[in-house]
Amino acid sequence: MQIRFPADTPLYRDSNLTVVFAALVDGEPVPCAISVEALEDHFGASPDGREAWMRAFNAGRDRIEAVAREHLRISNGTPVLLKSGHFPPGSMVS
């Protein structure tokens with residue numbers, strides 16, 4: 001299974017408080033997302049809103065994509081929603 005993440009700009013989705021980003025699994029697009037709670041808990045985002053969450057996503061993008069890659073492999077390429085529990089406690093990107 002080949003997994004890569006295009007450098008596309010992530011999108012904030014107000015309807016479910018997530019930041020959405022794309023993966024390509026064997027060339028097919030697969031939606032991925034991370035909850036704003038996870039961004040606040042593990043990536044230093046303040047609860048100030050969209051701009052803070054997007055900054056935290058961009059700062060932690062490599063780690064977020066690495067965790068998403070693991071879950072894409074486990075789920076055989078199905079969409080991924082990363083929540084706070086997907087990241088070990090205490091590890092925060094500054």
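In this predicted model, strand E3 (residues 18-25) is joined to strand E4 (residues 28-35) by 8 bridges, and the two run antiparallel; helices (H or I, at least four residues) and strands (E, at least two) are DSSP runs numbered from the N terminus, and two strands pair if DSSP finds at least two bridges between them. The model is a prediction in which local features need pLDDT of at least 70 and side-chain atom pairs count only at pLDDT 80 or more, while totals for chains, interfaces and linings use all residues. Residues are numbered from 1 along each chain as its sequence is written, and side-chain values use heavy atoms, with hydrogens and water left out.

E3 and E4 form a hairpin with 2 residues between them, and Asp26 in the turn has a positive phi of about 50°. On the other pairing of E4, 3 bridges join E4 to strand E5 (residues 80-82), and these two strands run parallel.

| Strand pair | Residues opposite each other |
|---|---|
| E3 and E4 | Val25 and Glu28 |
| E4 and E5 | Cys32 and Val80 |

Thr18, which lies in E3, is buried, with a relative accessible area of 3%; buried means under 20% relative accessible area, exposed over 50% and partly exposed in between (1.4 Å probe, protein chains only). Not counting residues up to four places away in sequence, Thr18 touches residues including Leu11, Ile34, Val36 and Leu81, where contact means heavy atoms within 4.5 Å.

Helix H2 (residues 50-74) spans only 30 Å between its end C-alpha atoms, whereas a straight helix of 25 residues would span 36 Å at 1.5 Å a residue, the expected span being 1.5 Å times one less than the number of residues. H2 bends by about 75° at Gly60, the bend being the angle between axes fitted to the seven residues ending there and the seven starting there. The buried residues of H2, among them Trp53, Phe57, Gly60 and Ile64, pack against strand E1 (3-4), strand E2 (11-13), E3, E4, helix H1 (36-42) and E5.

The largest nonpolar core (a set of buried Ala, Val, Leu, Ile, Met, Phe, Trp, Tyr and Cys residues joined through side-chain atoms within 4.5 Å) has 26 residues, and those with the most contacts inside it are Phe21, Ile34, Leu39, Ile64, Leu72 and Leu82. The elements that give two or more residues to this core are E3, E4, H1, H2 and E5, and H2 gives the most, with 8 residues. Ile64 touches residues including Phe21, Ile34, Leu39 and Leu82, not counting residues up to four places away in sequence.
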